Structure formats: structure tokens, C-alpha cells
Amino acid sequence: MQEFYLFLMTFVLVFLIYELFVVRKEKKGKSKKKPIEVRFLEARYHLDLKKTNYKQLLNIVSLVSAFDIALIVTIIMFAKSFILELLLGATLIFPIILVSYHFVGTFYQKKGMKKDV
């Protein structure tokens, strides 16, 4: 049960930080660059941002990022040594992020948000 609370607290904390510092700045137009997650989806899955609801995409990206970080933190907490935690975190971070954004990219592709090539 402790692991669930840890996951939930991490998820909410990361989601709020991401919403405040990334999504809010993007929605107001203060940022000159798109978030790296959006640029990755645009390049890898050929998403056409003109066809998408950009605010909705930012919210989905913040949810997915918060879920990924919370999942990784929860898994790492099962390790007993600090070195094992570091190794586990370093090996899990990229596959989990790539898999979760693969789901987001294919979701948007199936909705027809792909660039016409």
C-alpha cells in the first residue's frame, strides 16, 4: 500500500510541476521552443500540429511524463541498495519513456493527425 501512495504522490507532484513550468508557459506563448516531447512526437510519428489540439497534446504529454516518472520511482524503491537503484533507474528510463510515447504517437496517428507526405 505504501508503494501506491508513493506512486500517487510522485505522479501528482510531477504533474503539477510540469503543468506549472512547461504547459502553462507554452499555452501563454511565452516559450520560444516546443517541449522536447512534442518535438519527438512530431519527428518520429510525423504528427501535424496544425491538425491537433495543441493544448490537449500538452496535457497528454504532461500526464504521460508524470506517469513515467512515478512508475520509475516506484520500481526503483523496491531495490535495496543505492547502486542498484541507480542502475535500475538508468536502464528503465529510456525504454519506459519510448514505450509510453509510442502509445501517444500511434494514438494520434490513428486519429488522422499525421502529416500528408
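These legends go with close-up views of a predicted model.

**View 1. Helix α2 meets helix α4.**
Here we zoom in on helix α2, which covers residues 36–44, and helix α4, which covers residues 82–110. Their axes come within 10 Å and cross at roughly 60°. That angle makes α2 oblique to α4, since oblique takes in angles that are not roughly parallel (under 35 degrees), roughly perpendicular (65 to 115) or roughly antiparallel (over 145). The crossing of α2 past α4 is right-handed. Who does the touching? On the α2 side, look for Glu37, Phe40 and Leu41. On the α4 side, find Leu98, Tyr101, Val104 and Gly105. Sorted by class, this contact of α2 with α4 has five nonpolar residues, one polar and one charged.

**View 2. Helix α1 packs against helix α3.**
This pair is made of helix α1 (residues 2–28) and helix α3 (residues 54–76). The two axes sit 8 Å apart, and the packing angle is about 145°. Once again the hand is easy to note down: α1 and α3 make a right-handed crossing. In the contact of α1 with α3 you'll find 17 nonpolar residues, along with five polar and five charged ones.

**View 3. The largest nonpolar core.**
Now for the inside of the model: the largest nonpolar core is built from 15 residues. Val38, Leu41, Leu57, Val61, Tyr101, Val104 and Tyr108 have the most contacts inside this core. Helices α1, α2, α3 and α4 each chip in with at least two residues. The top contributor is α3, which supplies four residues. A second core, of five residues, lies apart from the largest one, and its members include Phe7, Phe11, Val14 and Ala66.

**View 4. Tyr101 and its neighbours.**
Tyr101 already turned up in the contact between α2 and α4, and here it gets its own picture. Leaving out residues up to four places away in sequence, which ones does Tyr101 touch? The list runs Glu37, Phe40, Leu41, Tyr45, Val61, Val64, Ser65 and Asp68.

**View 5. Thr74, tucked into helix α3.**
Our last stop is Thr74, a residue of helix α3. Is Thr74 buried or exposed? Its relative accessible area is 11%, and buried means under 20%, so Thr74 counts as buried. Not counting residues up to four places away in sequence, Thr74 touches Glu3, Leu6 and Phe7. You've met Phe7 before: that residue is among the members of the five-residue core.

Key. Residues are numbered from 1 along each chain as its sequence is written. This is a predicted model: local features need pLDDT of at least 70, side-chain atom pairs count only at pLDDT 80 or more; totals for chains, interfaces and linings use all residues. Side-chain values use heavy atoms; hydrogens and water are left out. Axes are lines fitted to C-alpha atoms, for helices over the stretch in contact, and angles run from 0 to 180 degrees between N-to-C directions. A crossing is left-handed if the near helix is turned anticlockwise from the far one by less than a right angle, and right-handed if clockwise. Contact means heavy atoms within 4.5 Å. Ala, Val, Leu, Ile, Met, Phe, Trp, Tyr, Cys and Pro count as nonpolar, Asp, Glu, Lys and Arg as charged, and the others, Gly among them, as polar. A nonpolar core is a set of buried Ala, Val, Leu, Ile, Met, Phe, Trp, Tyr and Cys residues joined through side-chain atoms within 4.5 Å. Buried means under 20% relative accessible area, exposed over 50%, partly exposed in between (1.4 Å probe, protein chains only).
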